[in-house]
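Thanks for coming, everyone. Please have the sequence and the 3D view open while I talk.

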Amino acid sequence: MPQTVPSIEPPLLTLRGIEKSFPGVKALAGVDFTLNRREIHALMGENGAGKSTLIKVLTGVYRRDSGTMQLGGSEIDPRSPQDAQQAGISTVYQEVNLIPHLSVAENISLGRQPKRLGFLRWGEIAQRAEKAIARLDLKLDVRKPLSSCSIAVQQLIAIARALDTDARVLILDEPTSSLDTREVEQLFVLMRKLRDQGLGIVFVTHFLDQVYAVSDRITILRNGQRVGDYAAVDLSRIELISKMIGKDLSEVERESGGKAKPLSTAREILVQATGLKRKGAVENVDLTIRKGEVVGLAGLLGSGRTETARILFGIDKPDAGKIEIDGHKRELRSARQAIALGFGFSSEDRKTEGIIPNLSVRENIILVLQGQRGWLRLLSRKEQEELAAKYIAMLNIATSDAEKPIRFLSGGNQQKALLARWLASKPRLLILDEPTRGIDVGAKFEIQKLMRSLTNEGMSILFISSELEEVVRSSDRVVILRDRARIAELVGEEISQAAILSSIAGTNESSPE
Amino acid sequence: MRITAKQIPIIATLAVCLLLYGTAAIAFHDRGFFSVGVFVNFFIDNAMLGIASIGMTFVILSGGIDLSVGSVIGLTSIFIASAMDRYKLPPIVAIFVALLGGTVFGGGMGAVIRYFGLPPFLVTLAGMFFARGAGFLLHLESVPIDHPFYNALSEFHLALGGGIELTASALIFLATFIIAIYLAQYTRFGRNVYALGGNEQSAVLMGLPTGSVKMRVYALSGFCSALAGVVYTLGLSGNPSAAVGLELDAIAAVVIGGTLLTGGVGYVAGTLLGVLILGIIQTAITFQGSLSSWWTKIAIGVLLLIFILLQRFVQTRKLRTTAS
Ligand SMILES: Nc1ncnc2c1ncn2[C@@H]1O[C@H](COP(=O)(O)OP(=O)(O)OP(=O)(O)O)[C@@H](O)[C@H]1O
Ligand SMILES: [Mg+2]
C-alpha cells in the first residue's frame, strides 16, 4: 500500500494485515503499520484500542493469527521477546517488567552480561549500568536491589535497559507514565539523539503534549483497526482526539470545553490535618478538606503528595501533627480504620497494591464495597452484576464481559476498573492518587464529570495528579506542596496552571492565607 | 558491606550454625566435639545429602521444586550395582551412563514442565514414583559391589596432615559445591535462574531464555541426584530403596540455608550451611548419647518453622519498604 512517506529509503519496519484475537475479542483486525529509519512514530488510541497487543505481536510475546512483518526488508517471525531482541528490536513494555530482588545493575545487563574466560565480570556490569543510567541523568547506587527504587526510577531503569543494546527499532509503551517533567525532557533529548543516529522509535503515550513534542508521525488505532498514518505537523490536536475516539470534531470541542465549577461556599469541614510530619516523607503539611469539594494536591514528584495521602489513609503513622475528622481528633492507625471511617484510597501503584489479577472485572469492582458491608451481608449476584455493568458503561471499560479476569484487560482499562472499585464503595472521602495514569483523553473527561457529580452528592475528593491541566480543571481548591511541605493554597478563580507553576518554582511566595 | 533484606536469612543461617556448633562444642568438649576430625566428618557423612541439596537449591531458586531426588539416588545406585554385577559393565561406563541417565531424566521432567505448563510439584511427584519403581524393577533388594576399581575409590583418602583425611565422597561434595557457586554467581545461566524465580513474566519480557533455563535447572538437579547416587555406591552397594524421602531433607537444608521457597532469593553457600546445621544436630544428638535419634527430626522441624516464619517476616517487611 503506497504510504504518504516521501522518503526514498525503504521503510525499516512494515507490518501488514496483522490480526490477533483473544477469546471474546478481536484485539487487532488487520492492522498495517510502517516505521521508517530516523523517525519517532507515535502509536495512539483509546484504552483497549490494541496498541500494546500490536507491540506484543511484533516482539513475539503473542503469536499473530495472520499478517506479515518485515524488518529491514526481510521477513521476521519472532517467537519470543528473545528472538525479537536478537533481530534488533528493543522494547520497554507498558508495565515495568524487571526483577525486584536483583540489583539495579543486574537488571540492566541480564541476558547480556559481559564475560571473560567463562566468568561474568561484576565490576564491568556495574560500570556499564552506571553509564546506562547516566544517559538518563539518573544517579544512584547500582548495587542496591531494584525493589528499593521508586516506581519512577524503576521505569527509568527499564528504559536504560532497553537503550543499552544496539537496536534498530526501539519500542516504548507508555514509558513516561510515572515520570516527572524533567525526566520526560531528558528522555526526549535522548530519543531525538537516537533518532538522528538512524533508529526507528515507536512511542505510545496518552499525554498529547508529549506526542507533539517528539513525534514525527502518528498512527492511530481504534478498536483494533488502523484509522490512519499522519505526519504530526499535519494533524491538529482536536483532529487527533476525534480520530481516536471516533466522534466528529464539533462533538469533541463541546465536550472538552470549559469547566462548570460551583464555588464551594462555607461548607462543613470533613478532615483537618495540621502540622503533619513524618521522617523521610513529609515535613509540615496542613490540609483541610470540606464536604463536597475536590481538593487538588499539586507538586513535583517527591514533594510529598503520595506520602500525605498515605498518612491520611492510615497506612503510615505521622511522627507529629494532628488529624481531626468531623471535628474530633483521631489517630489513624491502619487502612482498615480509615475505611471504617468512610475513606477510600486508589493507589498510584496499581500492579502491586491495586488489582487482583486473577479475579474477574466484576469481582475486582465490588471488592471494597463487599469488604465494607462485611461478609455476612453478601451482595447478591444480581446486585454485583448490576454494579459491574453500571461502572463498565459509565467509565467505558473495554472488556468483552464482566467475568473476564482483569489481567487480560489493557493497562488503562485496569486502571478504570480500579477507580470503579472505589467509586462503587461511595466513600465520604476518596483519595485518588494519579487515577488517570494511562487513561485516554476521552475517559479523562468522563472521570472528571463523574467526580463532579459525586461531589454534588456530598462526597469529598483528594485528587493527586502530575498533570496540572487536570488538577486545574477538576479542583475547587489546590494545595501546593514543595519539598515535603505545604507552600501555598489556591481557591476558585485563582486556580490556573501558571499560578501553580509559579508557586512550585518559588517565584510567587504570596500564599493566600 | 551493607546488609540488605535478602541477606537476612543467610545471616540468620550463619548465626544458627555458629550457635549450634559453639553450644555442642562446649557441651561435649570432653568428648572432643570441637576437633578438626569431627568437623571434616560433617562433609564425609553428609556428602550425599549435600550434593542433592545443591541441585535442589537451583530448582528452588528458579521457583520450582524437585521431589524425585531420593528416588533417582536409589535408581542410580541400583543401576550401577546391577550393571556391574549382571552385565559386567566397567565401573567408569556404569557411572557415566548413570550420570547421563539422571541428567536426561531431570531434563525430561523439565521439558514436560516447560511445554505442558504443568506444576513442577506434580511432574516431579510422578518422576519420583517412576524412578522408584524403575529401581525396584532392576533389582528387588540391595546388590553388593565388588570391583577393584570401586574398592580403591571407596578406600581413597586424601591426607590433609595431622591424621585428618578427606574421602572421595567428601571431595566430590566440595567440588560440586565450588562448581555450583561458579554456576550461580558467575554464569548467565545462574543469573537467569534467579530472574526466573524472581518474576517469570518479567524474565520472559526481558528476553531471557526462560524455557531452556527451566529445563536445564531440572537437568542439573537430575545430574546432582545421580551424582549423589554414585556417592551412595561408594558404600559398596546399590539399593533400590536407598534415600527414601531424602528430597525432603534436601528441601529442609535449602530453606534453612536461607533460600526463599518462592524462588529468586538465596545462596548456594547458604545451602552448605543448611546441610552443616542438619549434620551438627545429628552429631550432637549422637554425642549426647541418651536422646533418641528421632530428636534430630524434631529439631529440624522446629528450625524449619523458624526459618519459614523469618522468610515471611522479611518478605512483608520488604513489601512495606518498597511501597513507601
Ligand atoms: N492476554 C489477553 N487475553 C485476552 N484479552 C486481551 C489480552 N490482552 C489484551 N486483550 C484485550 O485486547 C484489547 C486490546 O488491548 P491492548 O492492551 O492492546 O490495549 P491498549 O491499546 O494497549 O490500551 P491501553 O491504552 O489501556 O494500554 C483489550 O480489549 C484487551 O482486553
Ligand atoms: Mg497498552
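Let's start with one residue, A:Asp216. At 29% relative accessibility, A:Asp216 counts as partly exposed. Keep in mind that this is a predicted model.

Who is the partner of A:Asp216? A:Asp216 makes a salt bridge with A:Arg195. The closest N and O atoms are 3.0 Å apart. Now place the two on the chain. A:Asp216 sits in the loop between α7 (208-214) and β11 (217-222) of chain A. A:Arg195 belongs to helix α6 (residues 181-196) of chain A. The two are 21 residues apart in sequence, so the pair ties together those parts. What about burial? A:Arg195 has 15% relative accessibility, so it counts as buried, because the limit for buried is under 20%.

Next pair. A:Asp476 and A:Arg452 meet through their side chains in a salt bridge, 3.5 Å from N to O. This pair links distant parts of the chain. A:Asp476 is in the loop between α17 (468-474) and β21 (477-482) of chain A. A:Arg452 is in helix α16 (residues 441-456) of chain A. They are 24 residues apart. Buried or exposed? A:Asp476 is buried, and A:Arg452 is too.

Some salt bridges share partners. That is how A:Arg63, A:Arg64, A:Asp77 and A:Arg79 come to be joined into one network. As background, side chains of opposite charge can pair when their charged atoms come close.

How many salt bridges are there over all chains? A search of the whole structure finds 32. One of them is worth a stop: A:Glu106 with B:Arg191. A:Glu106 lies in helix α3 of chain A, and B:Arg191 lies in helix α9 (residues 188-198) of chain B, so this pair joins two chains. The closest N and O atoms are 2.4 Å apart. Both ends are buried: A:Glu106 has a relative accessible area of 2%, and B:Arg191 has 5%.

That brings us to the interface. Across chain A and chain B, the rule finds 1 salt bridge. It also finds 9 residue pairs in polar contact. Which elements of chain A give two or more residues to the side that touches chain B? They are α2 (81-87), α3 and β8 (119-120). The largest share comes from α2(A), with 3 residues. By class, this side of chain A has 11 nonpolar, 10 polar and 9 charged residues.

Now the size. In general, the size of an interface is often given as the accessible area lost when the parts come together. Here, chain A and chain B bury about 2,700 Å² between them. Of that, 59% is on carbon and sulfur atoms. Three residues to find on screen: A:Asn97, A:Ile99 and A:His101. They supply 22% of the area that chain A buries against chain B, more than any other three residues. The contact takes 30 residues from chain A and 28 residues from chain B.

Last stop, the metal. Which atoms are the protein donors of the magnesium ion, ligand 2? They are OG of A:Ser52 and OE1 of A:Gln94. These donors lie 2.0 to 2.1 Å from the ion. A:Ser52 is in helix α1 (residues 51-58) of chain A. A:Gln94 is in the loop between β6 (89-92) and α3 (104-109) of chain A. The two are 42 residues apart in sequence, so here too a pair ties together separate parts. A:Gln94 counts as buried, at 16% relative accessibility.

That's my tour. Questions, please.

How values were computed: Residues numbered from 1 in each chain as written. Chains lettered and ligands numbered in written order. Predicted model: local features only at pLDDT ≥ 70, side-chain atom pairs only at ≥ 80, totals over all residues. Heavy atoms only, no water. Donors = N, O, S within 2.8 Å, 3.2 Å for Na, K, Ca; no water. Helix = DSSP H or I, 4+ residues; strand = E, 2+ residues; numbered from the N terminus. Buried < 20%, exposed > 50% of the residue type's maximum accessible area, 1.4 Å probe, protein only. Contact = heavy atoms within 4.5 Å. Buried area = accessible area lost by both parts, 1.4 Å probe. Salt bridge = Lys/Arg side-chain N within 4 Å of Asp/Glu carboxyl O. Polar contact = N/O pair within 3.5 Å; in protein donor to acceptor, adjacent residues only side chain to side chain. Nonpolar A, V, L, I, M, F, W, Y, C, P; charged D, E, K, R; others polar.
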